[in-house]
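Here is a short note to read alongside the structure, for anyone meeting it for the first time. Please keep the view open as you go through the points.

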Amino acid sequence: MGRSKIEIKEIQNKGAMYCTFTKRRNGLCSKARELHTLCGAQVAVIVFSPKNKMYTFGEPSVDSVVNRFLHEQQQQRRRPLNRGGQKKKKKKTIPFLSDECIEGFELHELKYCTALMEEFVKKLEERLADVVYRRVQMKDLISLIK
């Protein structure tokens, strides 16, 4: 007796949707924890609920994984110049998605994922700028106190 497959579609009943969200969010974090434990991977999960509440999970921490992600994104943007003074063209890749992972996606799904990731990176960069700004303010405040 195995589990039966369910049709993947939006759940209309709000109570059932919130219950499903909680269970699946916990399952996602459990899988992320297992990936870290078994493979030593650095993992960050950021989820917004249907009520727009943010949930995060990270191993070793969300901040360290996000900072690493942002640092590597900056490094990719600073690609070395070729002899003609132009940036070398690289095949665009997303380090955490393998070809096997996205092979079954339709073009519209890939475009949607790309748009979501671009929005995610923009929000992360804004958050990082805010954190840096607050740290600078704190250092200025500390120097005034001394």
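**Notes on the predicted model**

1. Let us begin inside this predicted model. Its largest nonpolar core is built from seven residues: Phe21, Cys29, Ala32, Val43, Val45, Val47 and Phe57. At least two of these core residues come from helix H1 (14-39), and at least two from strand E1 (43-48). A separate core of six residues lies apart from it, with Val62, Val66, Phe69 and Leu70 among its members.

2. Now for the overall layout. The chain holds four helices and two strands. Reading from the N terminus, you will meet them in the order α-β-β-α-α-α. Of the 146 residues in the chain, 13% count as buried. If you take the contacts between residues at least 6 apart in sequence, 32% of them join residues at least 24 apart.

3. How far can each part be trusted? The mean pLDDT of the chain is 80, with 77% of the residues at 70 or more. Among the elements, H1 has the highest mean pLDDT, at 93, while helix H3 (residues 99-102) has the lowest, at 58. Where pLDDT is low, please do not read the predicted coordinates in detail.

4. Which residues line the second largest pocket? They are Ile6, Glu7, Ile8, Lys9, Glu10, Ile11, Met17, Thr20, Phe21 and Arg24. By type, this lining divides into five nonpolar residues, one polar and four charged. The volume of the pocket is about 310 Å³. You may recognise Phe21 from the first point: this residue belongs to the largest nonpolar core and also lines the second largest pocket.

5. Two spots in the backbone deserve a look. One is the peptide bond from glutamate 59 to proline 60, which is cis, with omega near 5°. To find proline 60, go to the loop between strand E2 (54-59) and helix H2 (62-77).

6. The other spot is asparagine 52, in the loop that lies between E1 and E2. Although asparagine 52 is not a glycine, its phi is positive, at about 65°. Is asparagine 52 buried or exposed? Its relative accessibility is 63%, so asparagine 52 counts as exposed, the cut-off for that being over 50%.

Conventions:
Residues are numbered from 1 along each chain as its sequence is written. This is a predicted model: local features need pLDDT of at least 70, side-chain atom pairs count only at pLDDT 80 or more; totals for chains, interfaces and linings use all residues. Side-chain values use heavy atoms; hydrogens and water are left out. A nonpolar core is a set of buried Ala, Val, Leu, Ile, Met, Phe, Trp, Tyr and Cys residues joined through side-chain atoms within 4.5 Å. Buried means under 20% relative accessible area, exposed over 50%, partly exposed in between (1.4 Å probe, protein chains only). On a 1 Å grid over the protein atoms alone, a cavity is a set of points where a 1.4 Å probe fits but cannot get out, and a pocket is an open set with protein on both sides within 12 Å along at least five of seven lines; lining residues have an atom within 4 Å of a point. Grid points are joined across faces, edges and corners, and a volume is the space filled by probe spheres set on the points. Ala, Val, Leu, Ile, Met, Phe, Trp, Tyr, Cys and Pro count as nonpolar, Asp, Glu, Lys and Arg as charged, and the others, Gly among them, as polar. pLDDT is the predictor's confidence in each residue, from 0 to 100. Contact means heavy atoms within 4.5 Å.
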